[in-house]
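Please look over the sequence and the structure shown below before reading on. The report that follows takes up the interior, the pairing of the chains and the surfaces near the DNA.

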Number of protein chains: 2
Amino acid sequence: MTSVTERDVFLADCPARTTLDLIANTWSVVVIAGLGRGPARFNDLRELIGGISKKMLVETLRRLERNGPVARRTISSAPAGVEYRLTPLGESLLEPVRVLSRWAQDNADDFVSAQDAQLVG
Amino acid sequence: MTSVTERDVFLADCPARTTLDLIANTWSVVVIAGLGRGPARFNDLRELIGGISKKMLVETLRRLERNGPVARRTISSAPAGVEYRLTPLGESLLEPVRVLSRWAQDNADDFVSAQDAQLVG
DNA sequence: CAGTATCCTATCGGATACTG
DNA sequence: CAGTATCCGATAGGATACTG
């Protein structure tokens with residue numbers, strides 16, 4: 001029994017594509033990877049993630065919250081604040097995110113040199 | 001012996017972050033995944049990848065070409081045209097891209113329902 | 001501490017028309 | 001077939017100032 005509606009990233013207007021649109025961007029990947037280290041407060045995340053603005057961090061967290069992978073919790077005990085953590089869905093996203101990040105880290109020098117070669121040539 | 005310059009996606013202005021910026025977007029992921037099926041012509045890719053415009057396909061291919069994962073070749077034999085294929089670097093990117101795409105396909109329904117719940121609530 | 005609100009620019013990305 | 005060129009609206013994203 002195959003379902004009539006496929007889930008294929010090659011198809012426009014498919015939930016799989018919509019999902020890819022939401023997770024396949026730098027800030028989503030880095031925020032998920034950051035929360036993979038454990039629950040964190042807003043400003044902890046800002047310190048961990050170099051170059052992210054308050055605006056983008058808020059927007060990224062809200063979007064991930066809306067779609068499931070991230071949960072937000074208010075801390076009443078001192079020091080008061082908020083805590084973000086991965087949901088089970090977010091935990092399952094951790095592996096893809098880490099595989100991609102690791103690739104970026106391992107192949108960064110090849111990318112850079114290819115770009116340099118282009119600039120020189 | 002640890003190198004002085006780290007390769008960490010958490011660091012702004014790090015080659016790893018720059019690399020992530022270039023690959024962590026929908027069109028890059030889908031184009032790499034598409035070329036993972038084998039070498040393809042420009043219009044073959046346009047047919048395979050739903051919703052991509054000529055403009056975005058050209059720009060994505062050029063960017064991936066500049067940075068290494070994709071190679072472009074002119075076909076002189078009939079029917080004449082061009083062929084895009086993955087380089088060895090591109091092949092190594094295939095696994096991360098497939099892991100991410102598969103996650104999107106497998107969890108698309110959870111994402112959608114989470115969003116629906118938000119709309120209702 | 002954890003945001004909001006506003007402004008402004010750059011890039012994304014579709015539509016359309018044209019080219020060798 | 002495989003683009004290029006141009007126009008245009010929508011979104012990304014930084015800077016800054018303000019808030020409970």
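## A report on two protein chains and two DNA strands

Leaving aside residues up to four places away in sequence, B:Leu61 touches B:Val31, B:Leu35, B:Phe42, B:Leu45, B:Val70 and B:Tyr84. The model examined here is a predicted one, and every value in this report should be read with that in mind. B:Leu61 also belongs to the largest nonpolar core, which has 71 residues, and together with A:Leu35, A:Leu61 and B:Leu35 it touches the most other members of that core.

### Chain A and its partner

Chain A contains five helices and two strands, and when it is read along the sequence these elements follow the pattern α-α-α-α-β-β-α. Of the 121 residues in chain A, 47% are buried. Among the contacts in chain A with a separation of 6 or more, 42% are made by residues that stand 24 or more positions apart.

Where chain B meets chain A, 50 residues of chain B are in contact with 50 residues of chain A. The area buried between these two chains is about 4,600 Å², and carbon and sulfur atoms give 69% of it. B:Phe10, B:Trp103 and B:Phe111 supply 18% of the area that chain B buries against chain A, which is more than any other three residues supply.

### The surface near DNA strand D

Which residues come nearest to DNA strand D? Of the 16 residues around this strand, they are A:Lys55, B:Lys54, B:Arg62, B:Arg72 and B:Tyr84. Sugar and phosphate account for 62% of the atoms of DNA strand D that come within 4 Å of the protein. Both chains take part, since at least two residues of this surface are supplied by each of helix H4 (54-67) of chain A and, from chain B, helix H3 (42-48), helix H4 (54-67) and strand S2 (81-86). The largest share, four residues, comes from H4(B). By residue type, the surface near DNA strand D divides into six nonpolar, four polar and six charged residues.

### The surface near DNA strand C

Around DNA strand C there are 16 residues, of which A:Lys54, A:Arg62, A:Tyr84, B:Ser53 and B:Lys55 come nearest. Sugar and phosphate make up 64% of the atoms of DNA strand C that come within 4 Å of the protein. The largest share of the surface near DNA strand C, four residues, comes from H4(A), and the residues of this surface divide into six nonpolar, four polar and six charged.

### Polar atoms facing the DNA

The table lists individual distances between polar atoms of the protein and atoms of the two DNA strands.

| Protein atom | DNA atom | Distance |
|---|---|---|
| A:Lys55, side chain | base nitrogen, DNA strand D | 2.4 Å |
| B:Arg62, side chain | phosphate oxygen, DNA strand D | 2.9 Å |
| B:Val82, backbone | phosphate oxygen, DNA strand D | 3.1 Å |
| A:Asn43, backbone | phosphate oxygen, DNA strand C | 3.2 Å |
| A:Lys54, side chain | base oxygen, DNA strand C | 2.4 Å |
| A:Tyr84, side chain | phosphate oxygen, DNA strand C | 2.5 Å |

The elements that give two or more residues to the surface near DNA strand C are helix H3 (42-48), H4 and strand S2 (81-86) of chain A, together with H4 of chain B.

Technical notes
Residues numbered from 1 in each chain as written. Chains lettered and ligands numbered in written order. Predicted model: local features only at pLDDT ≥ 70, side-chain atom pairs only at ≥ 80, totals over all residues. Heavy atoms only, no water. Core = buried A, V, L, I, M, F, W, Y, C linked by side-chain atoms within 4.5 Å. Buried < 20%, exposed > 50% of the residue type's maximum accessible area, 1.4 Å probe, protein only. Contact = heavy atoms within 4.5 Å. Near = heavy atom within 4 Å. Polar contact = N/O pair within 3.5 Å; in protein donor to acceptor, adjacent residues only side chain to side chain. Nonpolar A, V, L, I, M, F, W, Y, C, P; charged D, E, K, R; others polar. Buried area = accessible area lost by both parts, 1.4 Å probe.
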